[in-house]
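Please report on the fold of this chain, one of its helices and its unusual backbone angles. Keep it brief.

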Amino acid sequence: MTPPRARPKSRPKPAPKRPAVMTGAMVPVLGWPPDEDRVEAIFERLSRVMPDPKTELNFSSPFTLVVAVALSAQATDVSVNKATDRLFAVADTPQKMLALGEEGLIPFIASIGLYRGKARNVIALSRIVLEQHGGEVPLNREALQALPGVGRKTASVVLNELGIEPAIAVDTHVFRVSHRLGLANAATPDKVEAQLHRVVPADWLPKAHHWLILHGRYTCTARKPKCSACVISDLCPSRAGLQALGEAV
């Protein structure tokens, strides 16, 4: 007689994975939504140390802003500014950019990653702005996102920076800081954006995008976040875990 098969042992549930788009120090999966008073205190303190936050990209018009943001994908603001300082001196309008052409544009931006595809997009969007919008960048989300190389994140940066919409562009800095602070716990940038719009107080929303980016760029860095120099460290539910793991300074 064949003995009955032993029941397989139940496997322990795997620990929550850090979101795939993140790199660097641990990003915890925290409960959501966060406490309203804590969220208010976070942005009140950030506003004190950064009362007038702005993009670090150089621009002089909606057109140069769109171009700069489109070029900044997977590149640092510093590298983009080095390229656009020279580029915008000779081509700061759709007409001048089209006259420069794709091959003429490439030498200006060759130091930036993915420069060939970006050059193609910049020339294409310049043509659309000139031919379909009378040479003026359309300042509504639908028309902006219809431009080559301009996705939701780029459109959000432009609309926020120009004071048209209190948008939050979720890049890696915003994604990381939002998770560490417990402002969001979703696994994709679009879902994190939706969560932030639900929990960030309306008074802070217009500048929240910049505060989160700059805090992530200079203090709550991917590797070795500077918790000891952070003005909101006592409000951060991740600080103890990061320090216990030796990932914070």
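## Overall fold

Of the chain's 249 residues, 47% count as buried. Buried means under 20% relative accessible area, exposed means over 50%, and partly exposed lies in between (1.4 Å probe, protein chains only). This is a predicted model, in which local features need pLDDT of at least 70, side-chain atom pairs count only at pLDDT 80 or more, and totals for chains, interfaces and linings use all residues. Residues are numbered from 1 along each chain as its sequence is written, and side-chain values use heavy atoms, with hydrogens and water left out.

The chain has eleven helices and zero strands. Helices (H or I, at least four residues) and strands (E, at least two) are DSSP runs, numbered from the N terminus. In sequence order the pattern is α-α-α-α-α-α-α-α-α-α-α.

Contact means heavy atoms within 4.5 Å. Among contacts between residues at least 6 apart in sequence, 62% join residues at least 24 apart. The accessible surface of the chain is about 13200 Å², and carbon and sulfur atoms account for 54% of that. Accessible areas come from the Shrake-Rupley method with a 1.4 Å probe; for residues, only the protein chains shown count as cover.

## Helix α8

Helix α8 spans residues 172-180. Eight of its nine residues are buried, so the helix is largely enclosed by the rest of the structure. The buried residues are His173, Val174, Phe175, Arg176, Val177, Ser178, His179 and Arg180. Their packing partners are α9 (189-199), α10 (205-218) and α11 (239-244).

Both ends of α8 have details to check. At the start, a side-chain oxygen of Asp171 comes to within 3.1 Å of the backbone nitrogen of His173. That is a polar contact: a pair of N or O atoms within 3.5 Å; within protein, one must be able to donate a hydrogen and the other to accept it, and residues adjacent in sequence count only if both atoms are side-chain atoms. Just after α8, Gly182 adopts a positive phi of about 75°.

## Backbone angles elsewhere

Two residues other than glycine also have positive phi.

| Residue | Phi | Location | Relative accessible area |
|---|---|---|---|
| Gln74 | about 55° | loop between α2 (62-71) and α3 (77-90) | 73%, exposed |
| Leu114 | near 60° | loop between α4 (94-109) and α5 (115-132) | 54%, exposed |

Where is the cis peptide bond? It joins Trp32 and Pro33, with omega about 5°. Pro33 sits in the segment before α1 (36-49).
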